[in-house]
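Grab a viewer and work through these exercises on the structure below. Each task comes with a solution that goes step by step.

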Amino acid sequence: MEDNKRKEIMRAVKFTLFSISAGVIEIVVFTLLDVLTKWPYWPCYLIALIASVVWNFTLNRQFTFQSANNVPIAMLKVAAFYAVFTPVSTIAGNYLAETLGWPGILVTALNMICNFVLEFLYDRFFVFGKSLDTNERAKRQK
C-alpha cells in the first residue's frame, strides 16, 4: 500500500512539473500574441492553449502515466476534455478580459489553474486510468 501511495505522489509531482513547463509555453505564446498582434483575447488564448496541450499530453503520457495505450484514442479522450473546457474557458475568459476589463494574463492564469486540476483528474482516472505504468519505461522500473 505504501508503494502505491508513493507512486501516486510521484505521479502528481511529475504532472505538476510538466504542467508548469506547459504553463510557461502557454504564457509565452499568449504574451507574444497579445503584445505583437492586435487580436482580441480569445485567439491569443486559444493558440497558446493548443500549444501547451500538445506539449503536456506528450510528456505526461510518456513519463507521468507511463501509458502504452493507443495514442489516437488517448488523444481523442483529451480532445473530448478540451471540447468542453476550451469553449467554456474561452468564453468566460473573453468576458472577464474584454467586458470586465480584467488583465488577460490574470484571466489566463486562472484558466490554467482550473485546467491543471481538472485535467489531472481526467487524465489519471479516464484517459490513462486502465493503462497506468504499461509502457516500456514502467516495465524496466519494476
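**Exercise 1. Work out what share of the protein chain is buried, and sketch its overall build.**

Keep in mind that this is a predicted model. Start with accessibility: of the 142 residues in the protein chain, 39% count as buried. Next, the secondary structure: there are five helices and zero strands, and reading along the sequence gives α-α-α-α-α. For dimensions, the C-alpha trace spans about 50 × 30 × 25 Å along its principal axes. Finally, look at the contacts: among those between residues at least 6 apart in sequence, 79% join residues at least 24 apart.

**Exercise 2. Check whether α4 spans what a straight helix would, and find what its buried residues pack against.**

Step one is the length. Helix α4 covers residues 104-127 and has 24 residues. A straight helix at 1.5 Å a residue would reach 34 Å, but the end C-alpha atoms of α4 are only 30 Å apart, so by the 1.5 Å rule, applied to one less than the number of residues, α4 falls short.

Step two is burial. The buried residues of α4 include Gly104, Val107, Met112, Tyr122, Asp123, Arg124 and Val127. As for partners, the buried residues of α4 pack against α1 (2-36), α2 and α3.

**Exercise 3. Describe how α2 and α4 pack: angle, axis distance, handedness and the residues that meet.**

First the geometry: α2 and α4 pack at an angle of about 35°, and their axes are 12 Å apart. Then the handedness: the crossing of α2 and α4 is right-handed. Now the side of α2: Tyr41, Tyr45, Leu49 and Asn56 are the residues that meet α4. Over on α4, they meet Gly104, Val107, Thr108, Asn111, Asn115 and Glu119.

**Exercise 4. Asn115 turns up in that interface. Is Asn115 buried or exposed, and which residues does Asn115 touch?**

Asn115 sits in helix α4. Its relative accessible area is 7%, so Asn115 is buried, the cut-off being under 20%. Skip the neighbours within four places in sequence, and the contacts of Asn115 are Leu49, Phe81, Tyr82 and Phe85.

Now follow one of those contacts, Tyr82, which is found in helix α3. With the neighbours within four places in sequence left aside, Tyr82 is in contact with Leu49, Val53, Pro87, Asn115 and Glu119. For a distance check, pick Val35: Tyr82 and Val35 are 47 residues apart in sequence, and 25 Å apart in space from C-alpha to C-alpha.

**Exercise 5. Go through the aromatic rings: count the pairs, then classify two of them.**

Begin with the count: a search of the whole structure finds 14 aromatic pairs. Take Phe65 and Phe120 to start: their centres are 6.2 Å apart and their planes make 35°, which counts as tilted. Phe65 lies in the loop between α2 (41-64) and α3 (71-99), while Phe120 is in helix α4, so the pair ties together parts that are 55 residues apart in sequence. Both Phe65 and Phe120 are buried.

Now try Phe81 and Tyr82. Their ring centres are 4.9 Å apart with the planes at 85°, so this pair is edge-to-face, since the cut-off is over 60 degrees. Both accessibilities are worth a look: Phe81 comes to 11% and counts as buried, and Tyr82 comes to 9% and counts as buried too.

Two more finds wrap up the ring hunt. Phe15, Phe57, Phe65, Phe116, Phe120 and Phe128 form one aromatic cluster. There's also a charge over a ring: Lys77 lies over the face of Phe126, at 4.9 Å from the ring centre.

**Exercise 6. Look at the backbone of Gln66 and Asp133: where does each residue lie, and what is its phi?**

Gln66 is in the loop between α2 and α3. The phi of Gln66 is near 45°, a positive value in a residue other than glycine. Gln66 has a relative accessible area of 3%, so Gln66 is buried.

Repeat the steps for Asp133, which is found in the loop between α4 and α5 (136-141). Its phi is near 55°, again a positive value in a residue other than glycine. With a relative accessible area of 14%, Asp133 is buried.

Terms used. Residues numbered from 1 in each chain as written. Predicted model: local features only at pLDDT ≥ 70, side-chain atom pairs only at ≥ 80, totals over all residues. Heavy atoms only, no water. Phe/Tyr/Trp six-rings, centres within 6.5 Å; stacked < 30°, edge-to-face > 60°. Helix = DSSP H or I, 4+ residues; strand = E, 2+ residues; numbered from the N terminus. Buried < 20%, exposed > 50% of the residue type's maximum accessible area, 1.4 Å probe, protein only. Lys NZ or Arg CZ within 6 Å of the ring centre and 35° of its normal. Contact = heavy atoms within 4.5 Å. Axes fitted to C-alpha atoms, helices over the stretch in contact; angles between N-to-C directions. Left-handed = near helix turned anticlockwise from the far one by under 90°.
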